[in-house]
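I opened the model to look up what surrounds the ligand and how the sheet is put together. My entries follow in the order in which I checked things.

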Amino acid sequence: MSAPASDAPVLVIGGAGFIGCNLAAHLARAGARVRILDNLSRPGVERNLAWLRGHFDDRIEFDLGDVRQRADVRVATRDVRAVFHFAAQVAVTTSLVAPRDDFEINAAGTLEVLEALRALPAPPPLVFTSTNKVYGCLPDLPLRTEDDRWVPVNAALARTGIDEQRPLEFRTPYGCSKGAADQYVLDYAQSFGLPATVFRMSCIYGPRQLGTEDQGWVAHFLIRAIEDAPITIYGDGRQVRDVLFVDDLVDALARAWERIADVRGQAFNIGGGPHNTLSLRELLGMIERLRGSCPSVRFEPWRTGDQRYYVSDPSAFARATGWKPTTTPRAGVEALYGWLLAERAQPTSSPSTSPGDVRA
Ligand SMILES: NC(=O)c1ccc[n+]([C@@H]2O[C@H](COP(=O)([O-])OP(=O)(O)OC[C@H]3O[C@@H](n4cnc5c(N)ncnc54)[C@H](O)[C@@H]3O)[C@@H](O)[C@H]2O)c1
């Protein structure tokens with residue numbers, strides 16, 4: 001069994017997206033060769049790819065391809081020393097409109113990745129990004145309101161957050177497709193010995209995030225405020241998440257690869273944890289302080305699958321790897337705001353990424 005060479009590329013599936021391009025930049029900066037497999041289906045991600053190529057051209061290889069296409073996945077995985085799998089249909093809302101597409105990309109696409117790795121003589125480490133949605137809407141969690149946020153009645157839970165012992169309860173097609181993929185990755189680690197691990201992530205935010213109403217709310221609120229456009233809040237705005245700045249996530253991803261022997265076959269709740277939480281209303285307050293005026297807001301009923309409270313307990317991963325988030329929500333929101341302003345100040349470039357650019 002021959003392992004890939006130490007200068008073999010690292011594969012980032014979905015590497016043009018928000019998290020993928022931040023990880024790709026980190027790896028390239030450290031001198032690694034990075035191969036990106038992405039079908040560029042998320043509007044705007046071609047800008048992330050152009051940025052990566054502009055900064056690290058000789059270290060970035062791009063495969064325009066689809067995770068649902070066996071041949072694309074087989075070619076991309078053939079000679080790599082690690083795989084990070086981010087490609088996904090990422091919005092709960094879209095999954096409710098097109099559940100079959102959601103399933104094919106998130107569940108069947110992940111199975112393609114697993115099967116491609118299983119076929120290799122020495123499968124490389126795999127890090128898969130799942131979601132807190134695998135724990136459902138948490139209807140049994142008694143909550144109360146305190147100022148601008150929901151808080152758990154159970155003080156111990158408020159201190160620690162939700163850990164991996166929480167029973168799985170897939171809700172919404174997105175929760176089902178990501179949850180199925182999450183379970184397949186864990187099973188392939190058990191049944192076939194793949195060195196694979198799962199991150200069940202809460203809200204990630206930071207530069208290069210193309211937030212919309214459907215996904216990426218921190219960036220979305222900031223973008224709307226910068227554009228002086230109204231923000232729609234579904235529910236009462238007191239919903240709370242632990243937020244994790246993308247640099248801290250990239251550090252966790254790198255550690256998972258480095259320590260794969262310690263984390264293989266396990267799923268970890270990954271987020272900012274109880275010290276880094278934010279409600280929607282609190283973010284509006286931060287935006288008001290940054291801009292000097294409150295964004296205009298309108299309220300709509302709750303959406304299907306909305307969690308009023310989700311805060312991760314990331315301590316299992318911290319114990320396994322020594323990882324610790326370092327960016328406070330305030331510092332992270334300011335950094336994202338600064339990046340969004342700077343990006344808007346740039347002259348618009350329209351880099352073309354046509355099939356002719358493939359494997360440049
Ligand atoms: N951002 C978050 O807060 C968050 C939270 C929990 C889980 N996640 C998970 O993390 C991963 C990355 O999220 P992100 O925020 O970077 O999303 P993103 O939408 O920015 O990136 C996903 C990338 O995958 C690509 N893609 C989509 N379908 C594809 C397909 N069929 N074949 C190849 N490429 C395809 C898109 O073009 C995009 O570049 C996703 O799996 C998501 O479910 C993200």
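I take a polar contact to be a pair of N or O atoms within 3.5 Å. By that criterion, I noted that a polar side-chain atom of Thr129 sits 3.4 Å from an oxygen atom of the ligand. For Lys178 the corresponding distance, from a polar side-chain atom to an oxygen atom of the ligand, is 2.7 Å, and at Gly17 a polar backbone atom is 3.0 Å from a ligand oxygen. I then looked up the cover: the ligand taken alone exposes 830 Å², of which the protein buries 96% (accessible areas by the Shrake-Rupley method with a 1.4 Å probe).

I should record that this is a predicted model, in which local features need pLDDT of at least 70 and side-chain atom pairs pLDDT 80 or more, while totals for chains, interfaces and linings use all residues. Residues are numbered from 1 along each chain as its sequence is written, and side-chain values use heavy atoms, with hydrogens and water left out.

Next I listed the shell, counting a residue as near if one of its heavy atoms lies within 4 Å of the ligand. There are 29 residues around the ligand, and Phe18, Asp38, Phe86, Tyr174 and Lys178 come nearest. I sorted the shell into 15 nonpolar, nine polar (Gly is put in this class) and five charged residues (Asp, Glu, Lys or Arg). At least two shell residues each come from α1 (18-29), β5 (126-131), α7 (172-191) and β9 (203-205), with helices (H or I, at least four residues) and strands (E, at least two) taken as DSSP runs.

Turning to the sheet, I found an open one of seven strands with parallel pairing, in the order β3-β2-β1-β4-β5-β8-β12, where strands pair if DSSP finds at least two bridges between them. The edge strands, each pairing on one side only, are β3 (60-64) and β12 (267-270). I also checked β2 (residues 34-38), which runs parallel to β3 and is joined to it by five bridges; Val34 has Ile60 in β3 as its bridge partner.

Terms used
Polar contact = N/O pair within 3.5 Å; in protein donor to acceptor, adjacent residues only side chain to side chain.
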